[in-house]
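Dear colleague,

I am passing on the structure we spoke of, with the sequence and the coordinates placed just below. Please look through them first, and then read on for an account of what was found.

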Amino acid sequence: MLCQICKDNTATIHLTEIEHGRRTETHLCQQCAQKQGLAVQAQIPLNELLNNLLAAAKSVPDAKDKAVGFSGPDVPCPACGITLRQFSETSLLGCPNDYQHFHKELLPLIERSHAGHSQHCGKTPSHAGKQQKNEVELANLRRRLEQAVKAEDYETAAQLRDQIRQLNETR
Amino acid sequence: MKPANLANQSSSWFGAEGPACDIVISSRVRLARNLAGFEFLPCLTPQRKQEILDKLNTVILSLDLGDKVFFIDVDHAAALERQLLAERHLISRQHAVGKGPRGVVIAAGEAFTAMINEEDHLRMQVYAAGMNLEQCWQRISRIDDEIEKRVEYAFDSQLGYLTACPTNLGTGIRVSVMLHLPALKLTGQIEKFVTAAKDADLAVRGLFGEGTDAIGDFYQLSNQVTLGVREEQVVEELSKNIVPRIVEYEKAARQALLEEKVHSLDDKIQRALGVLRSACLISSQESLYLLSSVRLGVNLGRVPNVSLATVNELFLVTQPAHLQIRAGKMLDADQRDALRAQVIRQKLANN
């Protein structure tokens, strides 16, 4: 069956309306249905959910009520420097530490994406558990080193490089 | 091994053998992994990407993956080669058009591929022809164990394997089957299948073409939930519960067509064959539609002189990059349509 509007694509959305006892049927393709404002939500709208969270955060200062959404400023992750706003644009995080840094904000999103689950079960690496505590610090130093080199601040860069070397040796 | 050498042959997983292969074209299990101590892709400098690429490449090539193992430097491959790899489902379209140091290891007649620096540091997948998810899972899990002995994955005891996108967290597993469902489509029941799949938290996508459009009645069905469910559960749910039911529905729909509408069914199949055997210009969309009808006809025994392997091969080799590599030069749309028509005529005449 072809779409009634464009008469080009296959109709995949079938709408039955009953008004004053009269029944009308409309058959549309996805694109035309969307143009008519009949949105079909196929996948989990990750971006949308995130934008809602961010919008809630924005409105907090005015309301003097910090119960809605996440409160406080959008503090970048100390390791990779990414903010929630940046994440909301791409749906991609910057480093493993983001899951700790943004834990509170990400949890509702994670639960929604995974049918309410928030605890892993399944394969586990045999050397899991002895996670490096220095990873965040190292990533942070590396990022600052890069900035220092860019700014041609070689004194700071040399200090940072020594700190990185030291940390790497204790690993 | 040059990617171009792949252009004239069928993939081992796009075969004409395997359980329920008239309906289930192939099974696939993919795992997403990241290395501890490295940022995710969006925050990596080119140097760090290169470091990951070298590290994972060395580790994977040191494993026993059978013979014919090769690595392709995707960043330095020609655009046409990258497109070819994407058309053969060896890399994603995203990986083909991405930026920076990245690559893919291909082994076992294209049944194993490992993309390095795609959305995650490592995305590996195992394919099998027909309905064979358990076998895919066992193979990829063994390979994963071997890699894990040599590198440290980013892992959290609560959230499992950490991935760049939170939708892949936990097991990082994507279990999928590629289905050919022409009879459900013809009998107007495909929407029911799509709705039922979505209710079961499964994603439905088209196999060929962009986006969710399922051109040629090919559908890819895969799990969405990766956290809080064991890998074996995901595999079992699809392989024991969901896919066998869909296969039964498709079979029943095929039987109903044979019993109630055999003339219109034969008409559709023979007309498709007629156009494919005589067209001088044919677009990739039209050929997908028509080949789908012929594939149905072959599987129902209505087309005696054409083999399933031939039809399957045509789906692959009539794609744009495949045609251009065969021709050895860039072709515009008209030239591609002419070459596609020629390739199809020859293949179908030989049978």
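What follows goes through the chains, the sheet and the helix packings in turn.

Please keep in mind throughout that this is a predicted model.

To begin with the two chains, 35 residues of chain A are in contact with 38 residues of chain B. On the side of chain A that touches chain B, the elements that give two or more residues are helix H5 (103-113) and helix H6 (135-150) of chain A, and the largest share, four residues, comes from H5(A). Sorted by class, the residues on this side of chain A are 17 nonpolar, 15 polar and three charged.

Chain A itself is divided into domain 1 (1-42), domain 2 (46-113) and domain 3 (130-169). Where domain 2 of chain A meets domain 3 of chain A, the contact takes six residues from domain 2 and five residues from domain 3; the side that belongs to domain 2 of chain A has four nonpolar and two polar residues, with no charged residues.

For chain B, the domain assignment gives domain 1 (3-253) and domain 2 (262-349), and the centres of these domains of chain B, taken over C-alpha atoms, are separated by 26 Å. The contact between them takes 21 residues from domain 1 of chain B and 22 residues from domain 2 of chain B. Helix H2 (79-87) and helix H5 (182-186) of chain B are the elements that give two or more residues to the side of domain 1 that touches domain 2, and H2(B) gives the most, with four residues. By class, that side of domain 1 of chain B has ten nonpolar, seven polar and four charged residues.

H2(B) also appears in a helix packing, with helix H11 (residues 320-327) of chain B: the two pack at an angle of about 130°, with their axes 8 Å apart. That angle makes H2(B) oblique to H11(B), and the crossing of H2(B) and H11(B) is left-handed. On H2(B), the residues B:Leu80, B:Gln83, B:Leu84 and B:Glu87 meet B:Ala321, B:His322, B:Gln324 and B:Ile325 in H11(B), a contact that comprises four nonpolar, three polar and one charged residues.

Turning to the sheet, chain B has an open sheet of eight strands in the order S2-S3-S4-S5-S1-S8-S10-S9, with antiparallel pairing. Strand S2 (70-73) and strand S9 (202-206) of chain B stand at the edges and have a single partner strand each, so one side of each is left without a neighbour in the sheet. From one strand to the next, the twist averages 20°. One of the pairings joins strand S1 (residues 24-33) of chain B to strand S5 (residues 122-129) of chain B, in the antiparallel sense and over eight bridges, and here B:Ser27 stands opposite B:Ala128 in S5(B). Helix H4 (residues 133-148) of chain B packs on the sheet, where it touches S1, S5 and strand S8 (173-180) of chain B, and the direction of H4(B) makes about 25° with that of S1(B).

H4(B) packs in addition against helix H7 (residues 231-260) of chain B, at an angle of about 160° and with the axes 9 Å apart, which makes H4(B) roughly antiparallel to H7(B). The crossing in which H4(B) passes H7(B) is right-handed. B:Leu133, B:Glu134 and B:Trp137 of H4(B) make this contact with B:Glu231, B:Val235, B:Leu238 and B:Ser239 of H7(B), and by class the contact has four nonpolar, one polar and two charged residues.

A further packing in chain B involves helix H9 (residues 284-299) and helix H10 (residues 308-317), whose axes come within 10 Å and cross at roughly 165°. H9(B) is therefore roughly antiparallel to H10(B), and the crossing of H9(B) and H10(B) is left-handed. The contact is made by B:Leu291, B:Val294, B:Arg295, B:Val298 and B:Asn299 on H9(B), together with B:Leu308, B:Val311, B:Leu314 and B:Phe315 on H10(B); of these residues, seven are nonpolar, one is polar and one is charged.

With best regards

Methods. Residues numbered from 1 in each chain as written. Chains lettered and ligands numbered in written order. Predicted model: local features only at pLDDT ≥ 70, side-chain atom pairs only at ≥ 80, totals over all residues. Contact = placed C-beta atoms within 7 Å. Nonpolar A, V, L, I, M, F, W, Y, C, P; charged D, E, K, R; others polar. Domains from an automatic or database assignment. Pairing = 2+ DSSP bridges. Axes fitted to C-alpha atoms, helices over the stretch in contact; angles between N-to-C directions. Parallel < 35°, antiparallel > 145°, perpendicular 65-115°, else oblique. Left-handed = near helix turned anticlockwise from the far one by under 90°.
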